Amino acid sequence: MILIASVMFALFFTEIHMFHMKWKLNFKPFNCSSCLAAWVALLLLFLPDIFTQIAFYMFTAGVVAPLARNTMIKLYKPLI
């Protein structure tokens, strides 16, 4: 669960919302998905399990929602 939560956080932070650009954090590990995922995984490893669960559900939903939206648009576009 830690691995998935850290990868989802990194994708949400760097690829979907590009917070590193908005917050002027355009340096590693903040602008690198794999670097950020590794550091977040290390952090979640030492935090209590409740933080891992919160990060898992929150950032998985944040990554899956735009993917589901784009998939639905592609599916329904030929029908319209």
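## A loop with an unusual lysine

Lysine 24 sits in the loop between α2 and α3. Before we go further, keep in mind that this is a predicted model. Lysine 24 is exposed, with a relative accessible area of 70%. Its backbone is worth a look too: lysine 24 is not a glycine, yet it has a positive phi of about 55°.

What makes that angle worth noticing? Most residues other than glycine have a negative phi, and most peptide bonds are trans. With that in mind, two other places in this chain deserve a visit. Methionine 18, in the loop between α1 and α2, is not a glycine either and has a positive phi of about 50°. Methionine 18 counts as partly exposed, at 41% relative accessibility. Then there is proline 29, found in the loop between α2 (19–22) and α3. The peptide bond that leads from lysine 28 to proline 29 is cis, with omega near 10°.

## Threonine 14, a buried polar residue

Now let us move into helix α1, which covers residues 2–16 and holds threonine 14. Is threonine 14 buried or exposed? With a relative accessible area of 2%, threonine 14 counts as buried because the cut-off for that word is under 20%.

Which partners does its side chain find? A polar atom of the threonine 14 side chain lies 2.6 Å from the backbone oxygen of alanine 10. There is also a polar contact of 2.6 Å between the side chains of threonine 14 and serine 33. Leaving aside neighbours within four places in sequence, the contacts of threonine 14 are His20, Phe30, Asn31, Cys32, Ser33 and Leu36.

## The nonpolar core

In soluble globular proteins, nonpolar side chains tend to be buried together. Here, the largest nonpolar core has 15 residues, and the members that touch the most others are Phe9, Leu36 and Phe59. At least two residues of this core come from each of α1, α3 (33–46) and α4 (49–76). Helix α1 gives the largest share, six residues.

Leucine 36 is a good place to see these touches for yourself. Not counting residues up to four places away in sequence, leucine 36 touches Phe9, Ala10, Phe13, Thr14, Pro29 and Phe30. Two names in that list have already come up: threonine 14, the buried residue in α1, and proline 29, which follows the cis peptide bond.

## Where α1 meets α3 and α4

Leucine 44 belongs to helix α3 and is buried, at a relative accessible area of 6%. Apart from neighbours within four places in sequence, leucine 44 is in contact with Ile2, Ala5, Ser6, Phe51, Thr52 and Ala55. The C-alpha atoms of leucine 44 and leucine 3 are 9.1 Å apart, although 41 residues separate the two along the chain. Serine 34, also placed in helix α3, offers another such pair: its C-alpha atom is 8.9 Å from that of leucine 11, which is 23 residues away along the chain. Serine 34 itself counts as exposed, at 55% relative accessibility.

Isoleucine 4 is in helix α1 and is partly exposed, with a relative accessible area of 43%. Beyond neighbours within four places in sequence, isoleucine 4 is in contact with Phe56 and Thr60. From isoleucine 4 to tyrosine 57 there are 53 residues in sequence and 9.8 Å in space, C-alpha to C-alpha.

Threonine 60, one of those contacts, lies in helix α4. Why does threonine 60 count as buried? Its relative accessible area is 19%, and buried means under 20%. A polar atom of its side chain lies 2.6 Å from the backbone oxygen of phenylalanine 56. Not counting residues up to four places away in sequence, threonine 60 touches Ile4, Met8 and Ala55.

## A nonpolar patch on the surface

Which residues form the nonpolar patch on the surface? The patch is made up of Leu43, Leu47, Ile50, Phe51, Ile54 and Met58, which together have about 570 Å² of accessible area. Helix α4 gives the most to the patch, with four residues, and leucine 43 is placed in helix α3. Look again at Phe51: it belongs to the patch and is also in contact with the buried leucine 44.

Note on methods. Residues numbered from 1 in each chain as written. Predicted model: local features only at pLDDT ≥ 70, side-chain atom pairs only at ≥ 80, totals over all residues. Heavy atoms only, no water. Buried < 20%, exposed > 50% of the residue type's maximum accessible area, 1.4 Å probe, protein only. Polar contact = N/O pair within 3.5 Å; in protein donor to acceptor, adjacent residues only side chain to side chain. Contact = heavy atoms within 4.5 Å. Core = buried A, V, L, I, M, F, W, Y, C linked by side-chain atoms within 4.5 Å. Patch = residues over 30% accessible without salt bridge, like charges linked within 9 Å, V, L, I, M, F, W, Y side chains within 5 Å. Areas by Shrake-Rupley, 256 points an atom, 1.4 Å probe, with all protein chains shown as cover. Salt bridge = Lys/Arg side-chain N within 4 Å of Asp/Glu carboxyl O.
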